[in-house]
Amino acid sequence: MGEGVLVEPAAARRSIPVPSGFAHRDGVLHCDDLSLDRLAREVGTPSYVYSATAIRAQYALLDAALAGLPHRIHYSVKANSNLAILVLLRELGAGVDIVSGGELHRALAAGFGGGDIVFSGVGKTSAELADAIRAGVKLINVESEHELELVERAAAAARAMAPIALRVNPEVTVDTPHPYTRTGERGMKFGIPYDRALAVGQRTMALPHLRLVGLDMHIGSQVAQLEPYRLGIARLLERLAELRAAGATALRYLDIGGGLAVTYDREPAADARAFGAAVREAVAGTELEVIVEPGRFLVGNAGVLLTRVLDRKHSGGKEYVITDAGMNDLLRPSHYHAFHRIEAVTPNGRRTVADIVGPVCESGDFLALDREVDDVVTGDLLVVHSAGAYGFVMASNYNSRPRAAEVLVDGGRFAVVRERETYDDLVRHERARPEWRLV
Ligand SMILES: *Cc1c(COP(=O)(O)O)cnc(C)c1O
């Protein structure tokens with residue numbers, strides 16, 4: 001398995017790219033110029049399929065929206081951490097936002113330098129901090145007073161100065177579709193409480209191996225409104241002014257986090273141009289470098305989960321479509337009750353209303369409930385849209401199911417950028433019979 005050109009020359013010469021990446025052509029759903037029917041035959045199912053074209057388009061949109069403002073887009077690796085996605089974004093000019101030592105390892109493997117990396121996340125370990133300092137990261141976004149002391153110790157041990165941004169909880173109310181995706185309200189586990197920020201900043205300045213260079217917030221995920229960003233930035237800038245007055249002269253970064261929404265169903269996506277204008281206005285005259293940490297916005301709608309129908313069932317007056325992708329492949333419907341658009345690769349024109357469920361032994365294993373969908377039969381292909389973010393990265397081996405393949409498509413070409421796991425992979429790290437066992 002690997003690379004392949006699966007497209008007729010005429011289609012390859014098509015001049016207008018499809019920015020969303022996915023569209024029906026001659027009755028068959030394509031990713032860029034590639035037929036998903038042919039892709040499924042080559043690579044098998046379930047598979048995640050990503051459009052490089054769509055990722056480039058989203059990156060360009062956001063970057064253009066922030067033009068004229070000193071800024072850097074630090075892609076949030078946790079949304080989709082495949083190395084091929086990371087390399088694509090690095091080549092577009094992105095930095096990264098990481099939340100673990102594992103993500104640091106990935107970022108370095110994808111060719112990012114320390115200066116391209118912002119280290120966020122609640123609950124960083126001393127070992128992770130030491131690795132980040134050794135890598136020379138651009139910013140460590142510190143979430144608590146205790147963490148500040150850990151960074152000081154790690155930096156002292158490395159005889160280094162650690163660049164610190166304080167993640168301040170701006171305590172703004174955000175309307176996201178699910179409470180699990182809100183992070184910037186009062187009393188949450190994330191960030192330093194707003195009324196502690198000045199004191200923690202002063203403590204930062206007092207520690208010899210720390211340099212206070214920025215303030216940071218991340219207000220939540222799937223945020224379409226601009227008001228929480230405007231308010232949050234205003235609140236951060238108030239603290240920034242107080243800290244400067246208290247002697248913090250090295251402050252130069254304002255990290256305003258990620259969270260920009262995409263369309264899953266019919267809800268509005270974040271308006272990148274309006275976002276850019278709002279940020280520009282909010283930071284006008286400060287000469288700060290603005291850092292944004294989008295994940296979902298860059299990759300969410302650039303990926304689908306391609307799955308084959310295993311069975312159709314009628315039970316208790318209900319219709320079921322059983323697919324070879326389940327909650328272990330795409331957790332969002334079960335975990336967040338998230339809506340994902342689902343359609344046939346080759347629609348036959350008939351429609352039905354059904355629950356679309358996976359093969360996992362859990363009633364919570366569904367991709368959609370009571371959904372009007374193409375009236376597919378066993379063997380047909382479906383795609384689950386908007387699966388590019390928080391899709392594969394949340395997959396598990398539950399029910400001993402090998403994780404899906406990941407495929408990157410660019411124009412008419414594709415590459416398997418993560419092979420489908422094998423049964424041997426499932427048991428690779430296990431020891432069946434420890435020698436010391438008593439009987
Ligand atoms: C998850 C996360 C992001 C990205 O969120 P999206 O909603 O995918 O844009 C950015 N920054 C931090 C600190 C995060 O935890």
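This is a short tutorial chat about a ligand, its pocket and a few backbone oddities in a predicted model.

Biologist: What should I know before I start?

Modeller: The model is predicted, so local features need pLDDT of at least 70 and side-chain atom pairs count only at pLDDT 80 or more, while totals for chains, interfaces and linings use all residues. Residues are numbered from 1 along each chain as its sequence is written, and side-chain values use heavy atoms, with hydrogens and water left out.

Biologist: Which residues come nearest to the ligand?

Modeller: A residue is near a molecule if one of its heavy atoms lies within 4 Å of it. Here 14 residues surround the ligand, and Lys-78, Ser-221, Gly-259, Glu-293 and Tyr-390 come nearest. That shell has two nonpolar, seven polar and five charged residues. In this scheme Ala, Val, Leu, Ile, Met, Phe, Trp, Tyr, Cys and Pro are nonpolar, Asp, Glu, Lys and Arg are charged, and the others, Gly among them, are polar.

Biologist: And how do I read a polar contact?

Modeller: Look for a pair of N or O atoms within 3.5 Å. An oxygen atom of the ligand sits 2.3 Å from a side-chain N or O atom of Ser-221. For Tyr-390, a polar side-chain atom is 2.6 Å from a ligand oxygen, and a polar backbone atom of Gly-259 is 2.8 Å from one. The ligand taken alone exposes 390 Å², and the protein buries 94% of that (Shrake-Rupley method, 1.4 Å probe).

Biologist: How do you find a pocket?

Modeller: Rolling a probe the size of a water molecule over the atoms shows where empty space is left. On a 1 Å grid over the protein atoms alone, a pocket is an open set of points where a 1.4 Å probe fits, with protein on both sides within 12 Å along at least five of seven lines; lining residues have an atom within 4 Å of a point. The ligand takes up the largest pocket (more than half of its atoms lie within 2 Å of the grid points).

Biologist: What is the volume of the largest pocket, and how many residues line it?

Modeller: Its volume is about 640 Å³ (the space filled by probe spheres set on the points, which are joined across faces, edges and corners). The lining has 30 residues, with Lys-78, Thr-183, Phe-190, His-218 and Tyr-390 nearest the centre.

Biologist: Anything odd in the backbone?

Modeller: Most residues other than glycine have a negative phi, and most peptide bonds are trans. Thr-45 and Pro-46, though, are joined by a cis peptide bond, with omega about -5°. Glu-171 has a positive phi of about 55°, and Ser-386 has a positive phi of about 55° too.

Notes: Polar contact = N/O pair within 3.5 Å; in protein donor to acceptor, adjacent residues only side chain to side chain.
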